[in-house]
Amino acid sequence: QVQLVESGGGLVQAGGSLRLSCAASGRTFKSYAMGWFRQAPGKEREFVAAISWSGGRTSYADSVKGRSTISRDNAKNTVYLQMNSLKPEDTAVYYCAADRTFHDVVLTTTLEYDYWGQGTQVTVSS
């Protein structure tokens, strides 16, 4: 079992940047693949980025590729999502997710994750 708490969301103007953080509690954080998802009102939760437990493998949605970076600091039990050049369409509640993996793989679908945070709101104004 692991608990996840997101932070770092807020109101940002288009073109600005945010760094979201997800703090995890648990004994074996380094064994967890992590991901970021987002959900806008009336829309399905969609994949944003994912990182393997070692940090050696990452994956990004096309919508954020090139302007987002997912990273993790296993010593701090924290995963980050740096988002630059933000657009109004990035507005959503952002969730971090985790699941135990025994291979250093990335997980990119909601069904692959067992643990979820409560979300942090990101609002990008035009």
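Here are four short exercises on the structure above, each with a worked solution.

This is a predicted model, in which local features need pLDDT of at least 70, side-chain atom pairs count only at pLDDT 80 or more, and totals for chains, interfaces and linings use all residues. Residues are numbered from 1 along each chain as its sequence is written, and side-chain values use heavy atoms, with hydrogens and water left out.

**Exercise 1. The sheet**

Find the order of the strands in the open sheet of 4 strands, and name its edge strands.

*Solution.*
Step 1. Start with the terms: strands are DSSP runs of E with at least two residues, numbered from the N terminus. Two strands pair if DSSP finds at least two bridges between them.
Step 2. Strand 1 and strand 3 run antiparallel and are joined by 5 bridges. Leu 4, for example, has Ala 24 in strand 3 as its bridge partner.
Step 3. Between strand 3 and strand 8, also antiparallel, there are 6 bridges. Here Leu 20 faces Leu 81 of strand 8, and Ala 23 stands opposite Thr 78.
Step 4. The full order is 1-3-8-7, with antiparallel pairing. Strand 1 (3-7) and strand 7 pair on one side only, which makes them the edge strands.

**Exercise 2. The disulfide**

Work out which cysteines form the disulfide, and where they lie.

*Solution.*
Step 1. Look for a pair of cysteine sulfur atoms within 2.5 Å, the cut-off for a disulfide. The count comes to 1.
Step 2. The partners are Cys 22 and Cys 96, with 2.0 Å from S to S.
Step 3. Cys 22 belongs to strand 3 and Cys 96 to strand 9, so the pair links distant parts of the chain, 74 residues apart.
Step 4. The torsion about the S-S bond is about 50°, so this disulfide is right-handed.
Step 5. Both cysteines are buried (under 20% relative accessible area; exposed is over 50%, partly exposed in between, with a 1.4 Å probe and protein chains only).

**Exercise 3. The salt bridges**

Trace the salt bridges of Asp 90, and find the network that they belong to.

*Solution.*
Step 1. A salt bridge needs a side-chain nitrogen of Lys or Arg within 4 Å of a carboxyl oxygen of Asp or Glu. The structure has 5 of them.
Step 2. Asp 90 pairs with Arg 38, and their closest N and O atoms are 2.8 Å apart. Asp 90 lies in the loop between strand 8 and strand 9 and Arg 38 in strand 4, so this pair ties together parts that are 52 residues apart in sequence.
Step 3. Asp 90 also meets Arg 67 in a salt bridge, at 2.7 Å from N to O. Arg 67 sits in the loop between strand 6 (58-60) and strand 7 (68-73).
Step 4. Shared partners join Arg 38, Glu 46, Arg 67 and Asp 90 into one network.
Step 5. Now check burial: Asp 90 and Arg 38 are both buried, and Arg 67 is buried too.

**Exercise 4. The core**

Describe the largest nonpolar core, then list the contacts of Ile 70.

*Solution.*
Step 1. A nonpolar core is a set of buried Ala, Val, Leu, Ile, Met, Phe, Trp, Tyr and Cys residues joined through side-chain atoms within 4.5 Å.
Step 2. The largest one has 36 residues, and Ile 70 is among those with the most contacts inside it.
Step 3. Strands that each supply at least two residues include strand 4 (32-39) and strand 9 (92-100).
Step 4. Leave aside neighbours within four places in sequence: the contacts of Ile 70 (heavy atoms within 4.5 Å) then include Met 34, Trp 36, Tyr 60 and Leu 81.
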